[in-house]
Amino acid sequence: MRGLLCALAILVLSASAPAHAQVARIGVLSPFIGPDSDFFEVLRGRLQELGYTEGRNIAYIYRAAEEYDRLAEHAKEMVRLNVQVIVTAGAPGVRAAKSATDSIPIVIANVGDAVAQGFVNTLARPGGNVTGLTSLNTELSAKRVDLLVDALPSGFHLVALREAVGDSSPLRATEAAARARGMRLEVMQVREADELGSAIAAASATRSAALVVIPGTLFASQLRRVVDLAASHRLPAIYPDSRYVRAGGLMSYGPNIPDLYRQAASYVDRILKGAQAASLPVGQPTSFELAVNLRAAQALGITITPEVLLRADVVLR
């Protein structure tokens, strides 16, 4: 009888323990391999703040690659390892995860238009096994064109740098914004990191070019290289977020990307506690930063207009 009571007590304690007290296996599928990527570290740090400690109640299966085929292989491996959640960022990562499973919850830490790319049904009711954060890249593209044109003296023409396999919606919005300003837009497309040098060199071949960098996972992974190439070719450029400016880029406009990664950790926490991905609304950034690097402007020999400087949230001097 005494043994039976002890066994019953253990069962009761196990049943009443919160789900996150057990070891949760989290697959982190990263499309970023560059040294400037903080995706995994920010995600892991926020989960630790939420009470998840490696070796006690959480274990990470971390895999990173830029190539889609490798991402797809990593996603299949995570399914075989029976992870409880897959966290990823960028369209290639989401596609790889979705191709591997339609049952394991997938949390997007940052992607463009999640509806237009077919990742979720609607932002309010995602359906399926995917939810997370969208960064509103399409909506912000026109704003970036306006800010770059307003920041520079007249006489510049615009060149867009785009990943060839990326979402086409931001490019269309960039083209429309350029037309609205009466400007012609050239487009340089890049498929892999080895093409960055030639693409940016080609963008600078025409005198007085200014660069609009359209968001993409390849550019985020090669963030510092993109910035350095633009600087070496003396190209004023506007980037998707302030990480580029802190790395030496001229200016940026967009959401705080590390903050999106932190919010993704909260989605993981809610799913581990029983929430269904299908019913967790996709989040959107609510604040945006305009960042300007005056040191970069001085190196390029240009003066940012006072009107744009007054609107800047971050000014590096």
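**Group meeting: a sheet and two residues**

Hi everyone, let's start with one pair of strands: β8, residues 209–213, and β9, residues 237–239, run parallel and are joined by two bridges. Within that pairing, Val212 sits opposite Ile238 of β9. Please keep in mind that this is a predicted model.

Now let's zoom out. Both strands belong to an open sheet of seven strands with mixed pairing, in the order β7-β6-β8-β9-β10-β11-β12. The edges are β7 (185–190) and β12 (314–316); each has a single partner strand, so one side of each is left without a neighbour in the sheet. From one strand to the next, the twist averages 20 degrees. Helix α7, residues 196–203, packs on this sheet and touches β6 (157–163), β7 and β8. The direction of α7 makes about 170 degrees with that of β7.

Next, two residues from other strands. Thr134 belongs to strand β5, residues 130–134. Is Thr134 buried or exposed? Thr134 is buried, because its relative accessible area is 3%, and buried means under 20%. Leaving out residues up to four places away in sequence, Thr134 touches Val111, Gly112, Asp113, Ala114 and Leu123, along with Val282, Gly283, Gln284 and Pro285.

Our other residue is Ala59, in strand β2, residues 58–64. Ala59 has 25% relative accessibility, so Ala59 counts as partly exposed. With the same sequence neighbours left out, the residues Ala59 touches are Val23, Ala24, Arg25 and Ile26. And how far apart are Ala59 and Ser242 in space? Their C-alpha atoms are 31 Å apart, with the two positions 183 residues apart in sequence numbering.

Thanks for listening, everyone!

Terms used. Residues numbered from 1 in each chain as written. Predicted model: local features only at pLDDT ≥ 70, side-chain atom pairs only at ≥ 80, totals over all residues. Heavy atoms only, no water. Pairing = 2+ DSSP bridges. Helix = DSSP H or I, 4+ residues; strand = E, 2+ residues; numbered from the N terminus. Axes fitted to C-alpha atoms, helices over the stretch in contact; angles between N-to-C directions. Contact = heavy atoms within 4.5 Å. Buried < 20%, exposed > 50% of the residue type's maximum accessible area, 1.4 Å probe, protein only.
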